[in-house]
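Let's walk through this model together, beginning with a sheet and ending where two chains meet.

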Amino acid sequence: MGKAISLNSQNLPTVLLDLIFKLKIKDVMSKDVVTGTKQESLRTIQQRMKLRGITGVPIVDGPRLIGIISIDDILNAFDQGHIDDPAEDHMTRNIIVLEDDMPLSFAISYFNKHGFGRFPVLDKKRCLVGIITNRDINTSLLIEVNRIVEQLEGEREHTQVTLEGEHSKQFPVKKHDFEHAGKASTEIKKFLKERQIHPTLIRRIAVASYEMEMNLVVHSDGGRLLFTMNGERIEISAVDQGPGIPDVDKALEVGFSTANEWIRSLGFGAGMGLPNIKRVSDEFSIASDKGTTVRSVIFLGDE
Amino acid sequence: MNENDFTKQLGYTLIGEGDGGGITAAYTSDLLSDVMGNAPGDSVLITIQAHKNTVAVADLTGVKAIILCNDRSPDQGMIDAAKEAGIGLYVSSDDQFTVSCAVGKLLAS
C-alpha cells in the first residue's frame, strides 16, 4: 500500500492541487469491484483476494454494501481458526465510505485521517459503485499530469533557426481567446525590431500578422500562425482546421463580415481584415475548404 | 505635444502614464482593423474600445497613448496591458468628436 499524498498546499505543486479539486472520485476509483456475499466463507473470500491480488473485499447484499473483509480479518481468521465461518460473522460493519461525486481531495483527506487501505464508493442511491485505493489515486494523478504535459508540449511556441539562416516561429492561437490575442504579432514585431527592419515594413508585417491572428481568434476553431524569415523574404501564414470560409470572394470584399454582435462590439468584424492583409502583402493567397490557409509574403527590400 | 497635455490642458483623467515622447498625430476610430490599417505611428488613439485588445493594436501600430471617450472605464486587464506596453491611458467624459477637436487644436498649436 502506498502512502497517501499530503493535502498540505505548501508542499504540493499547484498543478496537482488543481487536479485534486477538479477530479471526482468517480474519475479515479476502480469500477470493477470484487465483492463477496455474507454467506460466503472467509476462505472463499481469501482465495478470491489471492486470485485478484487485492487486500480488501466489500461484502454486499444485492447492490447494498453491508460490510468489508480486509486481509487483517483473514489473518485473524487463520490465527483463531474460524476461516470457514461465513463473512457476516467477522466482517467490519462500521464502514467509512466515500461518495462518487465528491472531489478527489475528500478521498485523500480520508486516507490521511483513517488508517484504511481502501474506501468503498457509493452513489447517491447508496449503492456500491466502486472502490478507491491510494494506488488508484497515484495512477490517475500520473496519467492526468502526463496528459497536461503532452498538451503543453503541443501548444508550445516553436522557434527554429536552420543552417541556411532561415528563422521560423510557430504560435498556437485558440478560438475566442481575446485575452491573448495579438501576442503572436507582438512577438513577431519584437523579433523584426531587434533586427532593425525599417518601421514601415514592420508596420506592414504587423498588419498582416495581426489580422491573421485575429481571424484565427474570431472565426476559426483554432489554428496556428506561422512566421518565416528567409533572407529578404518574410512569409506569414494562418492555418486552421475549420470551419472554412463558404464564399472566399465575398470574404475579400471590404466591409463584408460574418462576425456576430458581441465580437463587433469589441471593434472587430468590420470586414477589413482580409482586405488589409492583401493590401500590405507583396504576395497573397487564400485557400479554404474544411480548413483555411491564408498566406502573405512581404519582401524586405521594398523600403 | 506631450502626454501630460491631456491632463493639464484638457483635464482628462490619467489612468496610467506611458513612456512619454512626442505625439505628432491623432486617430479616431472604434474599429480595430481600421486602426491597425490606418493609424499613424507616434499618435494618440481616440476611441471607446475600453479593453485589452485596443492596447495590442496600439502597441503594434506605434500608438503612444489612448484616450477613452464617453467615460468608458478600462478593465484591469487593459490597464495592466497598457502599463506593460508603455502606452498612456486616459479617460474623458466627452465623446469622440469633442475629444478629436480638442486634441486637434492642441496638435495645431
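**A sheet and an interface**

In chain A, an open sheet of 3 strands follows the order β4-β5-β6, with mixed pairing; two strands pair if DSSP finds at least two bridges between them, and helices (H or I, at least four residues) and strands (E, at least two) are DSSP runs, numbered from the N terminus. Each of β4 (98-99) and β6 (128-133) of chain A stands at an edge with a single partner strand, so one side of each is left without a neighbour in the sheet. Strand β4(A) runs parallel to β5 (residues 118-122) of chain A, joined by 2 bridges. There, E99(A) has L122(A) in β5(A) as its bridge partner.

This is a predicted model, where local features need pLDDT of at least 70 and side-chain atom pairs count only at pLDDT 80 or more, while totals for chains, interfaces and linings use all residues. Residues are numbered from 1 along each chain as its sequence is written, chains are lettered from A and ligands numbered from 1 in the order in which they are written, and side-chain values use heavy atoms, with hydrogens and water left out.

Now for the interface: 21 residues from chain A and 22 residues from chain B take part in the contact (heavy atoms within 4.5 Å). Across it the rule finds 1 salt bridge, meaning a side-chain nitrogen of Lys or Arg within 4 Å of a carboxyl oxygen of Asp or Glu. E179(A) forms a salt bridge with K52(B), their closest N and O atoms being 2.7 Å apart. On the side of chain A that touches chain B, the elements giving two or more residues are α7 (183-194), α8 (199-219) and α11 (273-280) of chain A. Of these, α8(A) supplies the largest share, 5 residues.
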